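Below are some notes for a colleague who works with computed models. They go through the fold as a whole and then through individual residues that deserve a second look.

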Amino acid sequence: MDTASTRTARPLVTARTAAVWAVLRRELEKHADRSLTVLDVGGGTGGFAVPLAEAGHTVTVVDASPDALAALTRRAADAGVAKRVKAIQGDGDALAGLVEPGSVDLILCHAVLEVVDKPADVVAAIATALRPGGTLSLLVAGKAAAILGRAINGHLRSAAAMVTDPEGRAGSRDTLRRRYDVETAAALLSSAGLEVEQTHGVRVLTDLLPASVIEEDPQGLLELELQLAAQPPFRDMASQLHVFARRR
């Protein structure tokens, strides 16, 4: 089996993903002497999967879109890691039937729980798939940011609806089925027997700033995003919440 030696994932990090990669790198560094078995649920075209494979890890991507998986396969081939990336077409809701119990070291579940039928079932399947000591990188849509975004853009009724809706939805035309805050995301993982270790905000400022500001000083924005990612109240107002948990 290939080993990761001392390598860790080195993707092209932007302000939109910096907080997530910072957490993942710290975890990968703990296992720098071996290749991890990674599962990326809803991993699409491989924005995380391919860099992880380049770092020496074996990655399985489960995604419902055949087009996204085709793009993933091409991307992995172009990066020279096709042998370490496996694509499986399937939904997050069907995860329990796609993965061997207790077989995975690290699971990524990014922007999935907002759209599946039963998020609790997906999280339970993730907990079952993880080995003892295995970890979950969960990325979910933040409720507070969505409310503020709609209010700032003048959609006050929509914002008000999200405040009172138990799932954080703006109405029947909302493209997401639910949104989370720190407490609801943590409770969902705890109910599946996972222990939350870290919570960060992702895109605290990025979605609020004009493109001209981002283009003028992308490094400055990246550094500020990382500074604010773990600090309430900024963390709690981020567009997405990144929750990192472990199976004990």
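Is A124 buried, partly exposed or exposed?

1. With a relative accessible area of 35%, A124 is partly exposed, since buried is reserved for values under 20% and exposed for values over 50%. This residue lies in helix 4, which spans 119–129, and its C-alpha atom is 8.3 Å from that of L189, a residue 65 places away in sequence. Please bear in mind, here and in every point that follows, that this is a predicted model.

2. As to the overall architecture, the secondary structure of the protein comes to 9 helices and 7 strands. The radius of gyration is 18 Å, close to the 18 Å that the globule rule gives for 248 residues, and the protein is therefore as compact as a globular protein of that length. Taken along the principal axes, the box filled by the C-alpha atoms is roughly 55 × 40 × 35 Å.

3. Three further totals describe the packing and the surface of the protein. Buried residues make up 48% of the 248 residues, and, of the contacts between residues at least 6 apart in sequence, 73% join residues at least 24 apart. The protein exposes about 11,900 Å², of which carbon and sulfur atoms supply 53%. Concerning charge, the mean position of the 27 positive charges and the mean position of the 30 negative charges are 2 Å apart.

4. R178 merits a careful look, as a charged residue placed in the loop between helix 6 (156–164) and helix 7 (182–191). Its relative accessibility is 8%, and R178 therefore counts as buried. The side chain of R178 reaches two backbone oxygens, that of L113 at 2.6 Å and that of V116 at 2.9 Å. Leaving aside neighbours within four places in sequence, R178 is in contact with L113, E114, V115, V116, D117, P119, E167 and R169.

5. D40, which has its place in strand 1 (residues 37–41), is another charged residue with little accessible area: at 3% relative accessibility, under the 20% cut-off, D40 counts as buried. Not counting residues up to four places away in sequence, D40 touches F48, A49, V59, T60, V61, V62 and L108. The C-alpha atoms of D40 and L136 are separated by 9.9 Å, although the two positions lie 96 residues apart along the chain when counted as a sequence separation.

6. Where in the fold does L221 sit? L221 is found in helix 9 (residues 218–228), where, with a relative accessible area of 7%, this leucine is buried. Apart from neighbours within four places in sequence, L221 is in contact with A15, L205, T206, L209 and I214. Of these partners, A15 is 206 residues away along the chain, yet the C-alpha atoms of L221 and A15 are separated by 6.4 Å.

7. The loop between helix 9 and strand 7 (240–247) contains P233, and the peptide bond leading from P232 to P233 is cis, with omega near 5 degrees. R235 is found in that loop between helix 9 and strand 7 as well, and its relative accessible area of 15% makes it buried. Outside the window of four places in sequence, the contacts of R235 are with V182, T199, H200, G201, L228, A229, A230 and L241.

8. Which backbone angle of A111 should a reviewer check? Phi of A111 is near 55 degrees, a positive value in a residue other than glycine. A111 lies in the loop between strand 4 (104–110) and helix 4 (119–129), and at 43% relative accessibility this alanine counts as partly exposed.

9. R203 also has a positive phi, near 65 degrees, and is likewise a residue other than glycine. R203 lies in the loop between strand 6 (194–202) and helix 8 (211–216), and, with a relative accessible area of 16%, R203 is buried. Most residues other than glycine have a negative phi, and most peptide bonds are trans, which is the reason for listing such backbone features separately in a note of this kind.

Note on methods
Residues are numbered from 1 along each chain as its sequence is written. This is a predicted model: local features need pLDDT of at least 70, side-chain atom pairs count only at pLDDT 80 or more; totals for chains, interfaces and linings use all residues. Side-chain values use heavy atoms; hydrogens and water are left out. Helices (H or I, at least four residues) and strands (E, at least two) are DSSP runs, numbered from the N terminus. The radius of gyration is taken over C-alpha atoms; the globule rule is 2.2 Å times the number of residues to the power 0.38. Buried means under 20% relative accessible area, exposed over 50%, partly exposed in between (1.4 Å probe, protein chains only). Contact means heavy atoms within 4.5 Å. Accessible areas come from the Shrake-Rupley method with a 1.4 Å probe; for residues, only the protein chains shown count as cover. The place of a charge is taken as NZ of Lys, CZ of Arg, CG of Asp or CD of Glu. A polar contact is a pair of N or O atoms within 3.5 Å; within protein, one must be able to donate a hydrogen and the other to accept it, and residues adjacent in sequence count only if both atoms are side-chain atoms.
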